[in-house]
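Please work through the exercises below with the sequence and the model at hand. Each task is followed by a solution in steps.

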Amino acid sequence: MRKILYINLKNKKVKSVHQYDEHKINLNNNNLVFEAPSLAGYGVVGLNKLKVYNKNSLSQTGGHFAHFMKCNGYDFLVFEGESDTPIYLYIDKESVKIKEASHLLDKDYDKVVESIKEELNTNELEIASIGLASVKKIDFSKIIFRNDKSCGKKGLGKLMADKNIKAIVLKKQENLIPYDISTLKKYNDSIAKKITNKSNANWYDENNTCYGCCLNCKNTSLSKIKRYGFSEKEASDINKISNFYGLDSVTLARGIDTYKKTFDTEIVDLENFIEDIINNYSYYKPLFINEGKFIKKNKTLQDCEKLGFCKLLMEKDIINDKDKKILAKSILGVSIAI
Ligand code: SF4
């Protein structure tokens, strides 16, 4: 059974519903959904995948947000309608508050985090936020999480801005208690060993980029940006400025490359150029039309991602189907279809 929190942004009412059939989630009216995997929240090594989607697009990210969504008790957050003023949502288990966010609107992720921590008088928060690019309704703006994680595909940041949601704030909570803690521990240890061959690695360090993983992979955006001919330093600058404004960095890199080739020019001041794009987006928009490549995934990867495991770990063949079934049963107490 999965728990869904519906947030009606129009009348500012929230309701939580338990549902067996997750396909019954209402995606009408362009609802925005945050989904945590059913096995998240219990401390499984390498299980951290968050999905963010509406009826037209889907984006996934690692990080810590999915874990803390589940620790607060929620599998899905479904945002319905639009708020008439900027808001942020604050979830502390059953206490769900919709708070005024006009004062945060032009702030970047770090400043939003700083202000909200001060306002709520606690550092124990996990925060997702949009940046200035979303507020300015840029099509390829993204939702930003801690440790430079983001969901960027096809303007989910813009959708969040259209709904007038500046941030989603989760109070950090203790891990959920699994059905069979000793079996879970055994499987967790075996997964950890297969990943690094170390039993004493710090899987749950707060500063790890992803929850339950100490590998701290380098950002894959950098290598994708470099495919457009940018140097390591240029790629890093594009990535950094994208995170500051909340833009999808690879789309931005592709647009800059097209601009340079079209006008046979160099970008002398990257920051000024990006600000110009944000402030005069209708002029620059043709540079950023998405090529929309379709990548067919193999079934094993799809299944593992559905459970919430990182796909990079799956490519290393970390657990087999039997392990997955036992792991799921040790957490939920019932068998699930794998
Ligand atoms: S392998 Fe890399 S991307 Fe995957 S969970 Fe670990 S740090 Fe995150």
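The exercises that follow concern burial, contacts and charged side chains in this predicted model.

**Exercise 1. Determine whether Y88 is buried or exposed, and list its contacts.**

Solution.
1. Locate the residue: Y88 belongs to strand β7, which covers residues 87-92.
2. Apply the cut-off: a residue is buried when its relative accessible area is under 20%. Y88 has 0% relative accessibility and therefore counts as buried.
3. List the contacts, leaving aside residues up to four places away in sequence: Y88 touches K97, I98, K99, E100, A101, L104, I116, E119, L120, A167 and V169.
4. Consider a C-alpha distance: Y88 and S129 are 41 residues apart along the chain, and their C-alpha atoms are separated by 8.8 Å.

**Exercise 2. Place E119 in its helix and identify the surface patch to which it belongs.**

Solution.
1. E119 is found in helix α2, residues 109-120.
2. With 40% relative accessibility, E119 counts as partly exposed, because that class lies between the 20% and 50% limits.
3. On the surface, E119 gathers with D110, E114, E118 and D148 in a patch of negative charge.
4. E119 is also among the residues that Y88 touches.

**Exercise 3. Describe the salt bridge between D84 and K12 and the parts of the chain that it links.**

Solution.
1. The side chains of D84 and K12 form a salt bridge, with an N to O distance of 3.5 Å.
2. D84 lies in the loop between β6 (76-80) and β7, and K12 in the loop between β1 (2-8) and β2 (13-19); the pair, 72 residues apart, links distant parts of the chain.
3. D84 is exposed, at 63% relative accessible area, whereas K12 is partly exposed, at 33%.

**Exercise 4. Explain which parts of the chain the E206 and K172 pair ties together.**

Solution.
1. A salt bridge joins the side chains of E206 and K172 at 2.3 Å, N to O.
2. E206 is in the loop between α5 (181-196) and α6 (220-226), and K172 is in the loop between β12 (165-171) and α5, so the pair ties together parts that are 34 residues apart in sequence.
3. E206 is partly exposed, with a relative accessible area of 34%, but K172 is buried, with 13%.

**Exercise 5. State how many salt bridges a search of the whole structure finds, and examine the pair E232 and K226.**

Solution.
1. The search finds 18 salt bridges.
2. One of them joins the side chains of E232 and K226 at 2.6 Å, N to O.
3. E232 counts as partly exposed at 47% relative accessibility, and K226 counts as partly exposed at 31%.
4. In addition, R2, E35, K70 and D75 are joined into one network by salt bridges that share partners.

Technical notes:
Residues are numbered from 1 along each chain as its sequence is written. This is a predicted model: local features need pLDDT of at least 70, side-chain atom pairs count only at pLDDT 80 or more; totals for chains, interfaces and linings use all residues. Side-chain values use heavy atoms; hydrogens and water are left out. Patches are made of residues with over 30% relative accessible area and no salt bridge: like charges are joined within 9 Å, nonpolar side chains (Val, Leu, Ile, Met, Phe, Trp, Tyr) within 5 Å. Accessible areas come from the Shrake-Rupley method with a 1.4 Å probe; for residues, only the protein chains shown count as cover. A salt bridge is a side-chain nitrogen of Lys or Arg within 4 Å of a carboxyl oxygen of Asp or Glu. Lys and Arg count as positive and Asp and Glu as negative; His and the chain ends are not counted. The place of a charge is taken as NZ of Lys, CZ of Arg, CG of Asp or CD of Glu. Helices (H or I, at least four residues) and strands (E, at least two) are DSSP runs, numbered from the N terminus. Buried means under 20% relative accessible area, exposed over 50%, partly exposed in between (1.4 Å probe, protein chains only). Contact means heavy atoms within 4.5 Å.
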